[in-house]
Amino acid sequence: MSEDDGGGKLRNSVTGAGPEPGEFFTPYPDQVLENVLENVLIFLKSRRDRNAVSLVCKSWYRAEAYTRSDLFIGNCYSVAPRRVTNRFKRIRSVSLKGKPRFADFSLLPADWGAHFTPWVSAMATAYRSLEKIYLKRMSITDDDLAMIAHSFPNFKELVLVCCEGFGTSGLAIIASECRNLRVLELVEDDVSDDEVDWISFFPPEGTTHLESLSFDCVETPFNFEALERLVARSPLLKKLRLNRYVSIGQLYRLILRSPQLTHLGTGSFSTLGVIGQQQEPDYTSAFAACRSIVCLSGFREIAPEHLPALLPLYANLTSLNLSYASIEPHELRPAIRHCHKLQVFWALDSICDEGLQAVADTCKDLRELRVFPVDASENVEGPVSEMTNAAVVAMSKNCPELVVFRLCIIGRYRPDRVTGEPMDEGFGAIVKNCKKLTRLAVSGLLTDRAFSYIGQYGKLVRTLSVAFNGDSDTGLKYVLEGCTNLQKLEIRDSPFGDSGLQSGLHHFYNMRFVWLSSCRVTRQGCMEIARILPKLVVEVFRRDEETDEEEDRVRGDFVDTLYMYRSLDGPRPDAPQFVNIL
């Protein structure tokens, strides 16, 4: 707030600068309290603490809004942009999330929404001092990127995760116009090829401010020499993640110029068919010189024969991402046995049961495990079914510090491959033994027993993803009644219906969103929830936008997709025609 509600004097402040002790004065006692609060609150960083402070009274609400510099919005439709800019005046960093996670599995129509345009339009005039933008699953256009480059003169950090709608033309604008850029991270984005060599648009001379450059998802070739010169002019560069068009030979040249790296995305990690080189570079010595690397990813076109060259790095790694490398257990074991400090591990299910066991035996301090399917087809056969309760139980016992556990067994009702039993005891052991677990993705053949374990022991679980499993509504009731901290619930292709869903009526206002697709929820049941909870936005729609009479006959009164979320400003104004807001 810039003015006292009771008609006191204007504060002597400068937009965008943090308040300094003694900066304000007023004869009113309430204003004195606000001034004291402001000088205390500038040191309060936790979002939860700040939210709690803002609820104490109107005076604290005003003081908290006036001193907040970092803004996090977990659902772009939970509040309108103008409400945000009217309340918060000194924002320097914005984090904004859009579509739910199941959009990554083509379960959401392409033009469903989550557009960044109204947000950047509002921020362009309200937050001229904005320095950082983090977007996840948002639709952002090249014009939006141009507005960022031209509206925020001191802009420093842009992170886009699972975003779409922009191309290399927009990246070229960011590279050429944002002269103070420190961080440009593009993670799992869908970037169109505009035939623009965006890397060449970075300033060609002088030392850069770059600390992080990640573009492993940009599926277009570029001028490698321009990148090499850019890396050489970036002494502060700590994170570098390359796309598949960088060969292992080119990677060798880059790491020789940047031994200070802590995070490395290797690019293809293969020769890419390059021939005629007289002598193979000494990759092992080059990696050995990069003593600070703690995070390793990439391996887009991996050549397994080059894996031993990474041996000098394994002992110091805290994060290893092999989610693009179809590595077999015999290839993983020689590497993973050296990774005793590993805290984050991502891999494909090609590592099978044996690979999971090897991780459990070595990585005692593991905090996050994500196993993705090699083939996301529902009926695929192969390594997706190569998991057992024994391996998951071993993981829970050996890695009790796990915070994130996502084991994606794509396929309908896949049991333990050895015993043929449901995977209940494996996932039950995870929630029993991993006391700090906050994110859980379950799959395979699970019965109501597994969900009873989750409801009983998963008291800290905030995000739960369920696919292709469950017995009845009882399982969903266990979760909604037992997981008191649940914020995000996403379920697909499971037999849960109205009764199970409505058992969570007491909790939906406290959750960020609920997603159900291809379940047994009826339109009437959804309408009943909308009637009982009028401040909850209830959307129903088809995943493919098109009307399929045969599918409609099979589905009957069951809705294809249900998406519910809380909102301060009611239904969104940009809902497409295929979205029905109840």
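The dialogue below asks how certain labels in this predicted model are justified.

Biologist: Why is Gln-260 called buried?

Modeller: Its relative accessibility is 19%, and buried means under 20%, so Gln-260 counts as buried.

Biologist: Where does Gln-260 lie, and what does Gln-260 touch?

Modeller: Gln-260 sits in the loop between helix 9 (248–257) and strand 10 (263–266). Leaving out residues up to four places away in sequence, Gln-260 touches Ser-234, Pro-235, Leu-237, Lys-238 and Ser-292.

Biologist: What makes the pair of Leu-237 and Gln-260 a polar contact?

Modeller: A polar atom of the Gln-260 side chain lies 3.1 Å from the backbone oxygen of Leu-237. The cut-off for such a pair is within 3.5 Å, so 3.1 Å satisfies the distance part of the rule.

Biologist: How do you know that Glu-157 and Lys-132 form a salt bridge?

Modeller: The N to O distance between the two side chains is 4.0 Å. The rule asks for a side-chain nitrogen of Lys or Arg within 4 Å of a carboxyl oxygen of Asp or Glu, so the pair is listed as a salt bridge. By this rule the count comes to 24 salt bridges.

Biologist: Why is the pair of Glu-157 and Lys-132 said to tie parts of the chain together?

Modeller: Glu-157 belongs to strand 4 (residues 157–161) and Lys-132 to strand 3 (residues 132–136), so the pair ties together parts that are 25 residues apart in sequence.

Biologist: What makes Glu-157 buried and Lys-132 partly exposed?

Modeller: Glu-157 has a relative accessible area of 16%, which is under 20%, so Glu-157 is buried. Lys-132 has 30% relative accessibility; this falls between 20% and 50%, so Lys-132 counts as partly exposed.

Biologist: Which Arg meets Glu-157 in a salt bridge, and how is the label justified?

Modeller: Arg-182 meets Glu-157 at 3.1 Å, N to O, and this is within 4 Å. Arg-182 lies in the loop between helix 7 (168–177) and strand 6 (183–187) and Glu-157 in strand 4, so this pair ties together parts that are 25 residues apart in sequence. At 23% relative accessibility, Arg-182 is partly exposed.

Biologist: How do you know that Glu-228 and Arg-257 are bridged?

Modeller: Their side chains meet at 3.4 Å, N to O, again within 4 Å. The pair links distant parts of the chain, with Glu-228 in helix 8 (residues 224–232) and Arg-257 in helix 9, 29 residues apart. Glu-228 is buried at 11% relative accessibility, whereas Arg-257, at 46%, is partly exposed.

Biologist: Which residues do salt bridges with shared partners join into one network?

Modeller: The network holds Asp-216, Glu-219, Arg-244, Arg-300 and Glu-301.

Biologist: What makes strand 12 and strand 13 a pair?

Modeller: Pairing needs at least two bridges, and four join strand 12 (residues 319–322) to strand 13 (residues 344–348), so the two strands pair. They run parallel, and Asn-321 stands opposite Trp-346 in strand 13. The chain passes from strand 12 through helix 12 (residues 329–336) to strand 13 in a right-handed β-α-β crossover.

Biologist: How many bridges join strand 13 and strand 14?

Modeller: Five bridges pair strand 13 with strand 14 (residues 368–372) in the parallel sense. Leu-348 stands opposite Phe-372 in strand 14. The β-α-β crossover from strand 13 to strand 14 goes through helix 13 (residues 352–362) and is right-handed.

Notes. Residues are numbered from 1 along each chain as its sequence is written. This is a predicted model: local features need pLDDT of at least 70, side-chain atom pairs count only at pLDDT 80 or more; totals for chains, interfaces and linings use all residues. Side-chain values use heavy atoms; hydrogens and water are left out. Buried means under 20% relative accessible area, exposed over 50%, partly exposed in between (1.4 Å probe, protein chains only). A polar contact is a pair of N or O atoms within 3.5 Å; within protein, one must be able to donate a hydrogen and the other to accept it, and residues adjacent in sequence count only if both atoms are side-chain atoms. Contact means heavy atoms within 4.5 Å. A crossover is right-handed if, with the strands pointing away from the viewer, the path from the first strand over the helix to the second runs clockwise.
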